[in-house]
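User: Please take a close look at how helices pack in this model. I would like the residues behind each contact and the cut-offs behind each term.

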Amino acid sequence: MSIPSSNVRIVLVNTTHPGNIGAVARAMKNMGLRELYLVDPRIYPSAEATARASGADDVLAGAVVCADLNRAIEDCPLVIGASARPRAIDCPRLSPRECVAMIAERASEGPAAVVFGREHSGLSNAELDRCHFQLAIPVDPDFPSLNLAAAVQVFVYEHFLARAGAGQAPSGEGGAAVPAAEMERFYSHLEQTLIELGFLDPARPRHLMRRLRRLYNRARPDQNEMNILRGILTAVRARGGGRR
Ligand code: SAH
């Protein structure tokens, strides 16, 4: 299965332990990501980083080392800062899954940076102020701080799942979801049928069609499934549609 390419950049700020840098490179390569930026790492390059990369040396070798955070994110229209701690002045907090969805939504705008902080003190408030969103990995609030590489691993895994899913058919054996115009034709067919059945009162429609839209949009039917749904509606209407 081919994974669609990604515009995600992982940025590590002031990392103390080179082993963590290696472990991050490994986690990234496992999940099909390559773009690693290191902002003023304490010790780098380092044999320990290479050892912990365990074969992801190419990701390490390609890492861009920057003197400050500005340089690492200057070309990124979307910047997300990872932090376990809620701050006094919060930017909107997103789960890993929500972050990945946000990144996908804005993919056409340019690279997205996901910024991870120092092992001992995390990201400063000034650094978080540079971010549009905060990535907060759900954890036990009594012990919220993950190891740096573990936090990156959670994010890149979620990112991988979404990309793998995007490259797949929506259901096990189905084809691509039908386009929006086809869904609209289905909804007007459905609405008309429900009116003829007397199930939907056009004078008092309430939220019925909105709820049905939510249901069928979630299912993302492919062309075969759509043909079945339309066939059912046609059969219902051919029988006189009920009370009218
Ligand atoms: N002691 C630091 C945490 C450092 S952990 C603090 O209190 O902030 C190193 C980095 O891993 C953090 O800066 C953050 O980028 C990331 N991280 C760790 N746990 C996280 C979590 N639950 N959610 C989001 N990012 C997390």
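Analyst: **Helix packing, with two loop details**

Helix H8 (residues 180-197) packs against helix H9 (residues 208-219) at an angle of about 135°, and their axes are 11 Å apart. Helices here are DSSP runs (H or I, at least four residues), strands are E runs of at least two, and both are numbered from the N terminus. Axes are lines fitted to C-alpha atoms, for helices over the stretch in contact, with angles from 0 to 180 degrees between N-to-C directions.

Before going further, a word on the model: it is predicted, so local features need pLDDT of at least 70 and side-chain atom pairs count only at pLDDT 80 or more, whereas totals for chains, interfaces and linings use all residues. Residues are numbered from 1 along each chain as its sequence is written, and side-chain values use heavy atoms, leaving out hydrogens and water.

Back to the first pair: the angle makes H8 and H9 oblique to each other (under 35 degrees is roughly parallel, over 145 roughly antiparallel, 65 to 115 roughly perpendicular, and the rest oblique). H8 and H9 cross in a right-handed sense; the near helix is then turned clockwise from the far one by less than a right angle, and anticlockwise for left-handed. On the H8 side, Met183, Glu184, Phe186, Tyr187, Leu190, Glu191 and Leu194 meet Leu208, Met209, Leu212, Arg213, Tyr216 and Asn217 of H9, contact meaning heavy atoms within 4.5 Å. By class, the residues of this H8 and H9 contact are nine nonpolar, one polar and three charged (Ala, Val, Leu, Ile, Met, Phe, Trp, Tyr, Cys and Pro count as nonpolar, Asp, Glu, Lys and Arg as charged, and the others, Gly among them, as polar).

H8 also has a second partner, helix H10 (residues 223-238): their axes come within 10 Å and cross at roughly 25°. H8 and H10 are therefore roughly parallel to each other, and H8 passes H10 in a left-handed crossing. From H8, the contact takes in Glu182, Met183, Arg185, Phe186, His189, Leu190, Gln192, Thr193, Glu196 and Leu197, and from H10 it takes in Gln223, Met226, Leu229, Arg230, Leu233, Thr234, Val236 and Arg237. That gives eight nonpolar, five polar and five charged residues for H8 with H10.

Earlier in the chain, helix H5 (residues 96-105) and helix H7 (residues 148-166) pack at about 55°, with 9 Å between their axes. H5 and H7 are therefore oblique, and their crossing is right-handed. Here Pro96, Arg97, Cys99, Val100 and Ile103 of H5 meet Val154, Phe155, Glu158, His159 and Ala162 of H7. The H5 and H7 contact divides into seven nonpolar, one polar and two charged residues.

Two backbone details in loops that lead to helices may also interest you. Asn14 sits in the loop between strand E1 (8-13) and helix H1 (18-30), and its phi is positive, about 55°, although Asn14 is not a glycine. Pro45 is in the loop between strand E2 (36-39) and helix H2 (47-53). A cis peptide bond, with omega about -5°, joins Tyr44 to Pro45.
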